[in-house]
Amino acid sequence: FMKAYWQSDSLMFIAGNGITYGHKATLEGYYKRYPDTDAMGQLTFTILKVNRISSDSYFVTGRWFLKREKKGDVGGYFTLLWKKINNEWVIVADHTS
């Protein structure tokens, strides 16, 4: 899941519990929220809009849905800032609700 995220201390992830900076801290938070396959469930995304900001930046808005058998389904919306860095497209900021 985290392969598309910028492996930098400048990565910014915003969720209901606040702002997390850095790839390592974001990954640790992900494992804390989803410690096992029951918590992880089956994740699906729907892209609602893609806005080109510049030749190397896109702003993506979408919806996420997590189908979980035991813990109940959850979902929400996200906005992602994608940037081309070192010839690779990565997520540099994620705001998920």
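This is a short walk through one chain, from its overall fold down to a handful of residues.

What you have in front of you is a predicted model. I will start with the whole chain and then go residue by residue.

The chain has 2 helices and 6 strands. If you follow the sequence, the order is β-β-α-α-β-β-β-β. So the two helices sit between a pair of strands and a run of four strands, going by that pattern.

On to dimensions. Along the principal axes, the C-alpha atoms fill a box of roughly 45 × 30 × 20 Å. The radius of gyration is 14 Å, and a compact globule of 97 residues would come out near 13 Å, so the chain agrees with that expectation.

How much of the chain is buried? Of its 97 residues, 29% count as buried. The accessible surface comes to about 6600 Å², and carbon and sulfur atoms make up 53% of that surface. As for charge, there are 13 positive and 9 negative charges in the chain, and their mean positions lie 4 Å apart. Among contacts with a separation of 6 or more, 36% are between residues 24 or more positions apart.

Now the strands, starting with S1. This strand covers residues 12-15, and Ile 14 is in it. Leaving out residues up to four places away in sequence, Ile 14 touches Ile 19, Asp 94, His 95 and Thr 96. Strand S6 runs over 88-96, so by numbering Asp 94, His 95 and Thr 96 from that contact list belong to S6. Ile 14 can also be set against Phe 78: the two are 64 residues apart in sequence, and their C-alpha atoms are 9.6 Å apart in space.

Next is helix H2, residues 37-40, where we find Asp 38. Is Asp 38 buried, partly exposed or exposed? Its relative accessibility is 32%, so Asp 38 counts as partly exposed. Beyond its neighbours within four places, Asp 38 is in contact with Arg 68, Lys 70 and Lys 71. In the other direction along the sequence, Asp 38 and Leu 11 are 27 residues apart, with 27 Å between their C-alpha atoms.

Strand S3 spans residues 42-54 and holds Val 50. Val 50 touches Tyr 58, Phe 59 and Val 60, again not counting residues up to four places away. Strand S4 is residues 57-67, so those three partners of Val 50 fall within S4. By contrast, Val 50 and Thr 37 are 13 residues apart in sequence and 30 Å apart C-alpha to C-alpha.

Two residues of S4 deserve a stop, Ser 57 and Lys 67. Ser 57 has a relative accessibility of 7%, and therefore counts as buried. Which residues does Ser 57 touch, apart from those up to four places away in sequence? They are Asn 51, Arg 52, Trp 82, Lys 83 and Trp 89. The side chain of Ser 57 also makes a polar contact of 3.3 Å with the side chain of Asp 56.

Lys 67 has a relative accessible area of 44%, which means partly exposed. Outside the four-place window, Lys 67 touches Gly 41, Gln 42 and Asp 73. With Asp 73 there is a polar contact between side chains, at 3.5 Å. With Gln 42, the C-alpha atoms are separated by 5.1 Å, although the two residues are 25 apart along the chain.

Last, the loop between strand S5, residues 74-85, and strand S6, residues 88-96. Asn 86 lies in this loop, and Asn 87 is found there too. What is the phi of Asn 86? It is near 55°, a positive value in a residue other than glycine. Asn 87 also has a positive phi, about 65°, and is not a glycine. For background, most residues other than glycine have a negative phi.

On accessibility, Asn 86 has a relative accessible area of 76%, so this residue is exposed. Asn 87 stands at 67% and therefore counts as exposed as well.

To recap two points. Ser 57 is the buried residue I described in S4, at 7% relative accessibility. The S5 to S6 loop carries Asn 86 with its positive phi, and Asn 87 with a positive phi too. That is what I have.

Methods. Residues numbered from 1 in each chain as written. Predicted model: local features only at pLDDT ≥ 70, side-chain atom pairs only at ≥ 80, totals over all residues. Heavy atoms only, no water. Rg over C-alpha atoms; globule rule 2.2 N^0.38 Å. Buried < 20%, exposed > 50% of the residue type's maximum accessible area, 1.4 Å probe, protein only. Contact = heavy atoms within 4.5 Å. Areas by Shrake-Rupley, 256 points an atom, 1.4 Å probe, with all protein chains shown as cover. Lys, Arg positive; Asp, Glu negative; His and termini not counted. Charge placed at Lys NZ, Arg CZ, Asp CG, Glu CD. Polar contact = N/O pair within 3.5 Å; in protein donor to acceptor, adjacent residues only side chain to side chain.
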